[in-house]
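This report describes a two-chain model at the level of chains, strands and single residues. Please keep the sequence and the coordinates at hand while reading.

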Amino acid sequence: MDKETRELDGAILSFIAGHADAGAAPDRAFEALALRIFDYQFGRNDNYRRFCAIEGKSPKSVRDWFEIPAMPSAGFKELVLATFPVASAVKKFRTSGTTRGEGARGVHFFDTLKLYEAAIPPPFEAHVLAGRTGLRFCFLVSAPAEAPDSSLSHMMGVVDRRFAGSKGRYYVKKGAPLYARLDADLRKARSPVLILATAFSLKGFLDHVASKGPIRLPEGSRIMETGGFKGRANEVPKKTLYAECKRRLGVVPARCVSEYGMTELSSQYYAPAGGLFRGPAWIRAVAVDPLTGRRAAKGRRGVLRHFDLANRGSVLAVQTEDLGRERAGGFEFAGRAKGAELRGCSLSYEEFLKGAARGRG
Amino acid sequence: MAGVRALLRQLAAERARRLDARPVRSIAASIGRLSRRWMNRSDFYRKKAVRRLVSRSGFSEGASNALLDSLFLELTEKKLMRLLRSELGDPAVLDRFRAAGEGGVATRARGPEVIFHVFAANIPNPAIVSFVLGMLVKSANAGKVSSRDPGILDIYLESLKRSDADLARTNAIVPAGPGTLEKGCAEADLIVAYGSDATLDLVKRLVPAGRSFHGYGHRVSFGLFAREALTRANAPALAKKTARDVWMADQRGCLSPVVVFAQEGGETSPAGFAAQVAASLKDLWRRDRTEHDLFGRAASIEAEKAARAVRFLRRRLGAGSFWESRPRGRWIVYHDDAPGEFPFSSGNQAVHVKSFSREEEVFRAIAPFGRHLQAVAVEAGARERRALAAKLAALGANRVCRAGRMQRPPLTWHHDGRPNLSSWVSWTDLEA
């Protein structure tokens, strides 16, 4: 690793350390570091530089942090987005498969996991543990060793080591959820537990519990779920999910925390008790009004764009297809952009591919 | 509510009672009269249909009216009779045996007793045309509409009830529910389905042996303008027509031109032409300001724009340029010189103008679509236009038309490349 990179990482790490407990960082500090990272990425990430050229922006023209060109998350699927030769990557995280199938999974390359792993614990401790210690961790996700390219599993491994003495248990084996085992273990639990799951698998588990009869988890137990619902047909509103957590597990919504993370990012947001999503000081979300292309006024709906200072090795600004509203101190998630729902009889790309795959194109 | 099978049997009985002895001309005349009513913009049912198309199907009010005009201008008595003549020779074969030329053989044609039509969420016109064709061959029609977007077939049938109660009794929309598809297919003599390949495959599997099935699939259409058509004098009018083709079906129809290939070297450059298309779209929208869910449309255009930029980056292609409405969400025109990057419809009035220099580039780009090709608006010199049409026909395109006419196929068009009525009827020959 060269000197410039080491120095930049040092600056980011000290930003993280310096704001680990605090709420938001001063605008000026965030902006200075964001523009420095942008300059670095513009110089080293070829595809990103070419993307910036399309947007007509460069470090010379960008003055505000939220003007930094945001790479669409689709870019991770089609382009190599790294500030280093990917042959030297120490880690590759892949996005989960979408409707377009395996071939179109996005990849996030890392030349070091130092920033990534430094970014995880502070907000996790603040929002998920919220001062609790001694919780037993039950992961309803694959163990990191089983899913080496899953950023969620990796993150679970990090919090397991850091906060649970590596004693957490994983209840997804070879891709299959072990609902019965988790059910049995939870019924035996005498001290508070923390269940960490994707919303989708949590729903599956709650349905399983429903067939067995409710569980009363020990007082102080908590639940963290993360938006594993993207692209799934049977989306369940958060309210319903939390109501079921209370009814079936005895965990009240105040002890449930929603996580918002993306493979394309290094930092996470948390929404305790279904409230606003709040991130640590080194990540910020902006809602962009698609009608104007400019930042939406606070409280107005827009498409979410993230600026993550820990994303040094790829692109710090990522454009999502998630909708949300900026609020004081965080953002509110408002679903996925759904404009494409109106369909007609025009051939779609997916259909064409399928036809071609069957040799009928 | 009666079960699906009972409903279809009842329709068959009504058909026998009311249509067997009714002259086909009287049916065509009745449908034609009803079309005249629908052409009136203050007609009760027409207004109701426009409201539905705006609120449920997401079309603008102007486009809804244009779609309805283009539909009912085709469903006149004269044109219906012309269609019958073109497909069956003598329309009266549907009424009785008619002498069929030499040899003293007389022939008679019969439509299926009951046709079961399966409609996907779609632009509204094909459903109504499908029922009208069924009525023309004196069949009873049962339709299954999409629950997501039911179209306006029910409103049309309501209006038919008022104008021709007899005919209306032979048509119905089947109630939605589990097993509707299976029961409908089991009871009908002909099954006609519209939708994606997956939908058509699904329906086809339900058709009992010995019954007929016709599937109308999802298709792709485009424009192909040679440099002779892009003169300074002609280009603005051509842009206006193109914009109309784009605007009318919101780029969601199988007749919507998702791409326009414009040849370099004309008096107006492809980029200049793209700018003219944008100006024409702007103009159309100035008069048509329905803005339901502009936010959702804008968000989806943004995502599409981003995906396109990424795709072009990956292929190391110049990204070209684009023109878009302000506020965003109404329409967008892209221009680039990568004819090989064939885009797919994202709806939202998005059209791609692509420069090309030699026609081989275009044919290479569209070759993979083969049987999925539908209409091509070709503008070129007369001789070249014919030559291009021959090549397009060889590839599988089933309609070569003029710009501005894409959304107005004549009733006689071989939809999906096949005759319509004549493939639905069966014949009896009477030898002397």
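The text below treats confidence, the two chains, their interface, and selected strands in turn.

**Basis and confidence**

The model is predicted: local features need pLDDT of at least 70, side-chain atom pairs count only at pLDDT 80 or more, and totals for chains, interfaces and linings use all residues. Residues are numbered from 1 along each chain as its sequence is written, while chains are lettered from A and ligands numbered from 1 in the order in which they are written. For the complex the predictor gives an ipTM of 0.86 and a pTM of 0.90. Chain B has a mean pLDDT of 94 (pLDDT being the predictor's confidence in each residue, from 0 to 100), and 99% of its residues reach 70 or more. Where pLDDT is low, predicted coordinates should not be read in detail.

**The two chains**

Helices (H or I, at least four residues) and strands (E, at least two) are DSSP runs, numbered from the N terminus. A residue is buried if 20 or more other C-beta atoms lie within 10 Å of its own, exposed if 12 or fewer, and partly exposed in between, with C-beta atoms placed from the backbone. The radius of gyration is taken over C-alpha atoms, and the globule rule is 2.2 Å times the number of residues to the power 0.38.

| Chain | Helices and strands | Span along principal axes | Buried share |
|---|---|---|---|
| Chain A | 11 helices, 14 strands | roughly 60 × 60 × 40 Å | 47% of 361 residues |
| Chain B | 16 helices, 15 strands | about 65 × 50 × 40 Å | 53% of 432 residues |

The radius of gyration of chain A is 21 Å, which agrees with the value near 21 Å for a compact globule of 361 residues. For chain B the radius of gyration is 23 Å, close to the 22 Å that the globule rule gives for 432 residues, so chain B is as compact as a globular protein of that length.

Two residues are in contact if their C-beta atoms, placed from the backbone, lie within 7 Å. Of the contacts in chain A between residues at least 6 apart in sequence, 65% join residues at least 24 apart. In chain B, residues 24 or more positions apart account for 74% of the contacts with a separation of 6 or more.

**The interface**

At the interface, 36 residues of chain A are in contact with 44 residues of chain B. On the side of chain A that touches chain B, the elements giving two or more residues are helix H3 (46-55), helix H4 (75-78), strand S12 (301-308), strand S13 (317-327) and helix H11 (349-357) of chain A. H11(A) provides the largest share of this side, six residues. By class, this side of chain A has 17 nonpolar, 11 polar and eight charged residues; Ala, Val, Leu, Ile, Met, Phe, Trp, Tyr, Cys and Pro count as nonpolar, Asp, Glu, Lys and Arg as charged, and the others, Gly among them, as polar.

**An enclosed strand in chain A**

Strand S8 (residues 222-226) of chain A has five of its five residues buried, so it is largely enclosed by the rest of the structure. Arg222(A), Met224(A) and Thr226(A) point one way from S8(A), whereas Ile223(A) and Glu225(A) point the other way.

Two strands pair if DSSP finds at least two bridges between them. Strand S7 (residues 193-198) of chain A pairs with S8(A) in the parallel sense over five bridges, and Thr198(A) has Thr226(A) as its bridge partner in S8(A). From S7(A) the chain crosses through helix H9 (residues 199-212) of chain A to S8(A), and this β-α-β crossover is right-handed; that is, with the strands pointing away from the viewer, the path from the first strand over the helix to the second runs clockwise. S8(A) also pairs with strand S9 (residues 256-260) of chain A, in the parallel sense over four bridges, and here Ile223(A) stands opposite Cys256(A).

Gly261(A) lies in the loop between S9 and strand S10 (269-272) of chain A. It counts as partly exposed, with 18 C-beta neighbours inside 10 Å. Leaving aside neighbours within four places in sequence, Gly261(A) is in contact with Thr226(A) and Gln268(A).

**An open sheet in chain B**

Three strands of chain B form an open sheet in the order S1-S2-S15, with antiparallel pairing. Its edge strands are strand S1 (98-99) and strand S15 (426-430) of chain B, each pairing on one side only. Strand S2 (residues 106-110) of chain B pairs with S15(B) over five bridges in the antiparallel sense. Within this pairing, Arg108(B) has Thr428(B) as its bridge partner, and Ala106(B) has Leu430(B). S15(B) is hardly covered, with zero buried residues among its five.
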